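Me: Could you take one helix of this chain and go through it slowly for a first-year student? I would like to know how it sits among its surroundings.

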Amino acid sequence: MSLGLIQEYEMKLSPPGCHPGANWYRVFIAMVNDISEVFPYLNADLKGLVDYDHQSKILLWSPGGKEKIEKIYAFRAHEIGITPISDRDEAKEFTGKIIDIVNDVWNRRGEIQPKFEGNRPLPSALDIYKLLPRTNCKECGFLTCMAFAVALRNDFNTLSLCTYMPEDAFLKLVSQEQ
Ligand code: SF4
């Protein structure tokens with residue numbers, strides 16, 4: 001039996017930066033190996049709301065679809081983020097589930113037609129900007145929230161730089177059919 005793509009990882013719980021005192025967390029699953037090769041197969045196989053940027057190597061997934069967004073998964077080359085998470089037990093449960101899903105899709109990739117396209121066209125920088133708190137706190141390394149919005153429009157990889165961005169709202173925005 002194949003061991004799967006993800007064999008070693010580290011799970012970290014992080015409080016939601018934009019809601020101090022809120023009772024939910026984000027989980028970050030960090031991996032040493034690059035898992036982006038599986039993204040086109042996940043993009044083709046996952047059910048629900050999926051969007052993918054092949055160039056930036058970022059894939060967003062909500063299993064419940066647009067009408068029922070309960071969990072958001074953000075896949076990057078060396079990290080999977082899950083939000084919202086209520087506590088450490090739920091973090092462990094969902095970490096185990098998503099590792100199993102990724103490894104299962106990887107092991108079945110010979111039967112899956114990979115899909116490299118995401119949902120296009122991209123939203124405008126202004127639409128992205130409207131999702132941000134607009135505090136210009138500079139924690140992301142950009143001088144303003146608008147500068148970050150422009151960068152994010154061009155490269156989804158920058159999504160993780162702003163911990164205040166609500167990933168569920170961002171996923172809805174990038175997945176809009178136009
Ligand atoms: S985009 Fe950058 S400046 Fe704006 S809230 Fe997020 S971290 Fe702060």
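Reply: What follows is a close look at helix H2, with a short view of the chain first.

This is a predicted model, in which local features need pLDDT of at least 70 and side-chain atom pairs count only at pLDDT 80 or more, while totals for chains, interfaces and linings use all residues. Residues are numbered from 1 along each chain as its sequence is written.

The chain holds five helices and six strands, where helices (H or I, at least four residues) and strands (E, at least two) are DSSP runs numbered from the N terminus. Along the sequence they follow the pattern β-β-α-β-β-β-β-α-α-α-α.

Helix H2 takes in residues 88-107, 20 residues in total, and its first and last C-alpha atoms are 28 Å apart, close to the 28 Å expected, a span defined as 1.5 Å times one less than the number of residues.

The buried residues of H2 are Ala91, Val102 and Val105; a residue is buried if 20 or more other C-beta atoms lie within 10 Å of its own, exposed if 12 or fewer, and partly exposed in between, with C-beta atoms placed from the backbone. These buried residues lie on the same side of H2, because they cover an arc of only 75° around the axis, taken from the directions from the helix axis to the C-beta atoms.

The cover over the buried residues of H2 includes strand S1 (9-14), strand S2 (25-31), helix H1 (39-45) and strand S6 (79-85). On the face turned away from the buried side, H2 carries the exposed residues Asp89, Glu93, Gly96, Lys97 and Asp100.

Technical notes: Contact = placed C-beta atoms within 7 Å.
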